[in-house]
Amino acid sequence: MVVRLLTINCQQKKLSHPNAPQSVTGVINSDGSIKVDWESVLGAKSYLTHYSEANQTDPKDAKFMGYSETNSWTLKATDVPTLVAGDKIYIYVQAYREKGIGADDVTKAQYLHDGPFTGSAWSIAVVLTAK
């Protein structure tokens with residue numbers, strides 16, 4: 001009996017986090033709310049937005065988070081940090097392969113951020129200036 005050994009060259013790819021969101025744009029609306037949009041990321045099921053108080057340019061200071069399951073997010077005017085004319089707010093977007101779990105968007109964002117999940121790198125900041 002002849003046995004042939006067949007070798008298959010197979011690359012095993014670890015399920016990695018999706019790519020950072022691209023083409024992030026935003027606007028401070030006339031009612032004071034902020035709307036941010038970005039290109040959808042293949043494989044992403046949700047997104048976290050990260051932002052900080054006015055004029056904080058260091059991403060490490062982006063201590064506030066938002067949550068979205070689409071490629072758009074709106075921050076209610078009542079939740080926008082205090083901005084006066086000329087102030088800048090820096091907003092970053094991060095993609096996740098998982099959806100958040102919780103009763104509201106804050107809980108869902110915290111679930112992903114504090115859980116054992118690996119999100120993408122952060123997007124380049126969209127910088128919005130208050131008028």
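In this predicted model, Asp87 makes contact with Ala54, Asn55, Thr82, Leu128, Thr129 and Ala130, leaving aside residues up to four places away in sequence. Asp87 belongs to the loop between E5 and E6. Although buried, Asp87 takes part in no salt bridge. Lys88 offers the nearest side chain of opposite charge, at a distance of 8.9 Å, whereas a salt bridge would call for a side-chain nitrogen within 4 Å of a carboxyl oxygen.

One of the contacts of Asp87 is Asn55, a residue with a backbone feature of its own. Asn55 has a positive phi of about 65 degrees, despite not being a glycine. Its place is the loop between strand E3 (46–51) and E4, and with a relative accessible area of 39% Asn55 is partly exposed. A positive phi, here about 55 degrees, also occurs at Ser23, again not a glycine. Ser23 sits in the segment before strand E1 (25–28) and is partly exposed at 46% relative accessibility.

Leu128, another contact of Asp87, leads on to Ile34. Ile34 and Leu128 are separated by 94 residues in sequence, yet their C-alpha atoms are 8.9 Å apart in space. Ile34 is part of strand E2 (residues 34–37) and has a relative accessible area of 0%, so this residue counts as buried. Beyond residues up to four places away in sequence, Ile34 touches Val27, Ile28, Asn29, Trp73, Thr74, Leu75, Val80, Ile89, Ile91 and Leu128.

Several of these names return in the description of open space. Rolling a probe the size of a water molecule over the atoms shows where empty space is left. The second largest pocket holds about 150 Å³, and its lining consists of Ile28, Gly32, Val80, Leu83, Leu128, Thr129, Ala130 and Lys131. Among these lining residues, Leu128, Thr129 and Ala130 are also contacts of Asp87, while Ile28, Val80 and Leu128 are touched by Ile34. Sorted by class, the lining of this second pocket comprises 5 nonpolar, 2 polar and 1 charged residues.

The largest pocket has a volume of about 270 Å³ and a lining of 14 residues, with Met65, Gly66, Asp79, Asp105 and Val106 nearest its centre. Two or more lining residues come from each of strand E4 (64–68), strand E5 (72–75) and helix H1 (105–114). The greatest contribution is that of H1, which supplies 4 residues. The lining of the largest pocket includes 7 nonpolar, 3 polar and 4 charged residues.

Turning to charged pairs, the structure contains 2 salt bridges. In one, the side chains of Glu69 and Lys99 meet at 3.9 Å, N to O. Glu69 is located in the loop between E4 and E5 and Lys99 in the loop between strand E6 (88–96) and H1, so this pair ties together parts that lie 30 residues apart in sequence. Glu69 is partly exposed at 39% relative accessibility, and Lys99 is likewise partly exposed, with a relative accessible area of 46%. The other salt bridge joins the side chains of Asp37 and Lys35 at 2.8 Å, N to O. Asp37 counts as partly exposed at 26% relative accessibility, and Lys35 is partly exposed with a relative accessible area of 30%.

Key: Residues are numbered from 1 along each chain as its sequence is written. This is a predicted model: local features need pLDDT of at least 70, side-chain atom pairs count only at pLDDT 80 or more; totals for chains, interfaces and linings use all residues. Side-chain values use heavy atoms; hydrogens and water are left out. On a 1 Å grid over the protein atoms alone, a cavity is a set of points where a 1.4 Å probe fits but cannot get out, and a pocket is an open set with protein on both sides within 12 Å along at least five of seven lines; lining residues have an atom within 4 Å of a point. Grid points are joined across faces, edges and corners, and a volume is the space filled by probe spheres set on the points. Ala, Val, Leu, Ile, Met, Phe, Trp, Tyr, Cys and Pro count as nonpolar, Asp, Glu, Lys and Arg as charged, and the others, Gly among them, as polar. Buried means under 20% relative accessible area, exposed over 50%, partly exposed in between (1.4 Å probe, protein chains only). Contact means heavy atoms within 4.5 Å. Lys and Arg count as positive and Asp and Glu as negative; His and the chain ends are not counted.
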